[in-house]
Amino acid sequence: MNAMEMEIRDMDMEEDSPCVLQIINQFNNEPINLETFKHNHNAYNHSPIIKRIVLELSKRIIGFGFVVSDTPNIPPGFLFEKIFVNVHHQRQGFGRIIESVLWSSVIDAKPKGIQTIVNE
């Protein structure tokens, strides 16, 4: 059995966006391009980004998650969290791992509640 190295780290928007976009497009009815993805995430810049992370397995990004506050369509004082896991790595606990790493940032923010979408 090969040992697989797992790393969870903060997302680097420039370097990680192409890999993250590939995962996100697995869940989109109409795939988006890199420019649209970056524009959409820059739109969150008016909303404080609490945390944005990637999960790497053997140096390949297989999951992504973020938590933001003050976004449209969620109640005041709530946080919005979204998690994506590559379809080839689903139902193996990676979404739960990403959520547990994001959870410490959620606790620090002391929200009234959280709205979470998990694509796993």
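A polar contact is a pair of N or O atoms within 3.5 Å. Keep that meaning in hand for the first view of this predicted model.

**View 1. N28 makes a side-chain contact with N25.** Let's start at N28, which sits in the loop between helix 1 and helix 2. Its side chain forms a polar contact with the side chain of N25, at 3.1 Å. Look along helix 1 and you will find N25 listed among its buried residues. N28, by comparison, has 27% relative accessibility, so it counts as partly exposed. For a sense of scale, try finding R9 as well: N28 and R9 are 19 residues apart in sequence, and their C-alpha atoms are 24 Å apart in space.

**View 2. Q26 and V87 are far along the chain from each other, with 7.3 Å between their C-alpha atoms.** Q26 also belongs to the loop between helix 1 and helix 2. How many residues separate Q26 and V87 along the chain? The count is 61, while the C-alpha atoms are separated by 7.3 Å. Q26 has a relative accessible area of 32%, so this residue is partly exposed.

**View 3. Helix 1 bends at C19.** This helix covers residues 13-25, and the bend is about 35 degrees. Now look at its start, where a side-chain oxygen of D12 reaches to within 3.0 Å of the backbone nitrogen of E14. Which residues of helix 1 are buried? They are M13, D16, S17, V20, L21, I23, I24 and N25. When you read that list, it helps to remember a general rule. An α-helix has 3.6 residues a turn, so residues three or four places apart point the same way.

**View 4. The rings of F64 and F84 are stacked.** Searching the whole structure turns up 4 aromatic pairs. In the pair shown here, the ring centres of F64 and F84 are 6.1 Å apart and the planes meet at 20 degrees; planes under 30 degrees apart count as stacked, which is why this pair does. Why does the pair tie together separate parts of the chain? F64 lies in strand 3 (residues 60-69) and F84 in strand 4 (residues 78-85), so the two rings link parts that are 20 residues apart in sequence. Are these two residues buried or exposed? F64 has 0% relative accessibility and so counts as buried. F84, at 5%, counts as buried too. Step back a little and you can trace one aromatic cluster formed by F27, F64, F66, F80 and F84.

**View 5. The largest pocket has a volume of about 230 Å³.** The lining is made up of 13 residues, and the closest to the pocket centre are I24, N40, H41, K82 and F84. Two of these names may be familiar: I24 appeared among the buried residues of helix 1, and F84 was half of the stacked pair. Helix 2 and strand 4 each supply at least two residues of the lining. By character, the lining divides into 8 nonpolar residues, 4 polar and 1 charged.

**View 6. The structure holds 1 cavity of 30 Å³ or more.** The largest cavity has a volume of about 30 Å³. Which residues line the largest cavity? Look for E5, M6, E7, E56 and K59. This lining contains 4 charged residues and 1 nonpolar, with no polar residues.

How values were computed. Residues numbered from 1 in each chain as written. Predicted model: local features only at pLDDT ≥ 70, side-chain atom pairs only at ≥ 80, totals over all residues. Heavy atoms only, no water. Phe/Tyr/Trp six-rings, centres within 6.5 Å; stacked < 30°, edge-to-face > 60°. Helix = DSSP H or I, 4+ residues; strand = E, 2+ residues; numbered from the N terminus. Buried < 20%, exposed > 50% of the residue type's maximum accessible area, 1.4 Å probe, protein only. Bend = angle between axes of the 7 residues up to and from the residue. Polar contact = N/O pair within 3.5 Å; in protein donor to acceptor, adjacent residues only side chain to side chain. 1 Å grid on protein atoms, 1.4 Å probe; cavity = no way out; pocket = protein on both sides within 12 Å on 5 of 7 lines; lining within 4 Å. Points joined across faces, edges and corners; volume = space filled by probe spheres on them. Nonpolar A, V, L, I, M, F, W, Y, C, P; charged D, E, K, R; others polar.
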